[in-house]
Amino acid sequence: MQSNDNTVQDRQELAYLPMPVPKAPPKEPRFAALRTWWKEAWEEDGVLNTMWEDILNAPDDGFRYMAPWLRTVLAVAGLSCVVLMARAASEVILQALHQLLTAVPKVQVGVDTSSGVAAVVDQPVRTYIAQHAAGLPVAASTVYTLWLLTGIVGLVLGFLSRNNGVRALWAGHGAATVGMVWTATPDTSRPVAAALTVLTWTFLSAFAMRGLTLRHRVVVGRPAKVTVRPEIHVPVPVPTAPADNHPHNGCPFRD
């Protein structure tokens, strides 16, 4: 009887045991899809493998025959470098030009700072600019510096480039200088000062307008070269007269 009680008790204990919980399915490893794409892209016909082959073949193919995507990337990169360099250079040039044009303490307009023959031209120009630049939004020293830079640029570029536009700039600069000297010089010495200014500008024009001529250039073309090749023969058919009009027609001694 005791064994039966133990059996019933064990069955009751088994009836209250917890049910087994099913295990969750294993999670997919992180970045599995990315790894799969990376592996397929480096296969024989994959995207990355093809692009790598284009890069390796670029030195042999040259810029003209390389892959279009690689040529586009190189063109955009080169253009970007040129734009960045031009922007940096323009900022440096503009900053230096601004410092040069605003150097008020170094340029005193209307003061006798020159001497000798140069003072005949320089002092009237300074005086004229000092008198007529009072209402301008820029300082008189800036106008004087621009006048100097215009003359230097016209002289140097006219000598180097022989460009008609630069020569016109030099001619306008000379006319404006003569006008300022004539206006700002006292009446007694005005003709002499203007004459010296014209002579100085004419002397410098020999360099700024180098190669300028008023003669009309006649360009004589070279005669065309004719190459005779005797090994080329063109057969020309010989015209034959009709049988009725032949001079030996009806002659018994004709061939």
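The paragraphs below lead through this predicted model, from its overall make-up and confidence to its core, one helix pair and a single residue.

The protein chain contains 8 helices and 0 strands, so that, read from the N terminus on, its elements run α-α-α-α-α-α-α-α. Of the 255 residues in the protein chain, buried ones make up 17%, and the accessible surface comes to about 21100 Å², with 65% of that area belonging to carbon and sulfur atoms. When contacts in the protein chain between residues at least 6 apart in sequence are considered, 45% of them join residues at least 24 apart.

Confidence deserves attention before any detail is read. The average pLDDT of the protein chain is 75, and 64% of the residues score at least 70. Helix H1, covering residues 2-15, has the lowest confidence, with a mean of 53, whereas helix H7, covering residues 164-184, has the highest, at 90. Where pLDDT is low, the predicted coordinates should not be read in detail.

The interior can be approached through the largest nonpolar core, which has 9 residues: Val121, Val125, Ile129, Ala133, Tyr144, Trp147, Met180, Val181 and Ala193. At least two residues of this core are supplied by each of helix H5 (118-132), helix H6 (140-161) and H7, and the largest share, 3 residues, comes from H5. H7, the helix with the highest confidence in the protein chain, is thus among the contributors to this core.

Another part of the chain shows how two helices meet. The axes of helix H2 (residues 32-41) and helix H3 (residues 47-65) come within 5 Å and cross at roughly 40°; an angle between 35 and 65 degrees counts as oblique, and H2 and H3 are therefore oblique to each other. On the H2 side the contact is made by Trp37, Trp38 and Ala41, and on the H3 side by Val47, Leu48 and Asn49.

A single residue of helix H6 closes the tour, namely Leu148. Is Leu148 buried or partly exposed? Its relative accessible area is 35%, and Leu148 is therefore partly exposed, since buried would require a value under 20% and exposed one over 50%. Along the chain Leu148 and His173 are 25 residues apart, and their C-alpha atoms are separated by 9.5 Å.

Methods: Residues are numbered from 1 along each chain as its sequence is written. This is a predicted model: local features need pLDDT of at least 70, side-chain atom pairs count only at pLDDT 80 or more; totals for chains, interfaces and linings use all residues. Side-chain values use heavy atoms; hydrogens and water are left out. Helices (H or I, at least four residues) and strands (E, at least two) are DSSP runs, numbered from the N terminus. Buried means under 20% relative accessible area, exposed over 50%, partly exposed in between (1.4 Å probe, protein chains only). Contact means heavy atoms within 4.5 Å. Accessible areas come from the Shrake-Rupley method with a 1.4 Å probe; for residues, only the protein chains shown count as cover. pLDDT is the predictor's confidence in each residue, from 0 to 100. A nonpolar core is a set of buried Ala, Val, Leu, Ile, Met, Phe, Trp, Tyr and Cys residues joined through side-chain atoms within 4.5 Å. Axes are lines fitted to C-alpha atoms, for helices over the stretch in contact, and angles run from 0 to 180 degrees between N-to-C directions. Angles under 35 degrees count as roughly parallel, over 145 as roughly antiparallel, 65 to 115 as roughly perpendicular and the rest as oblique.
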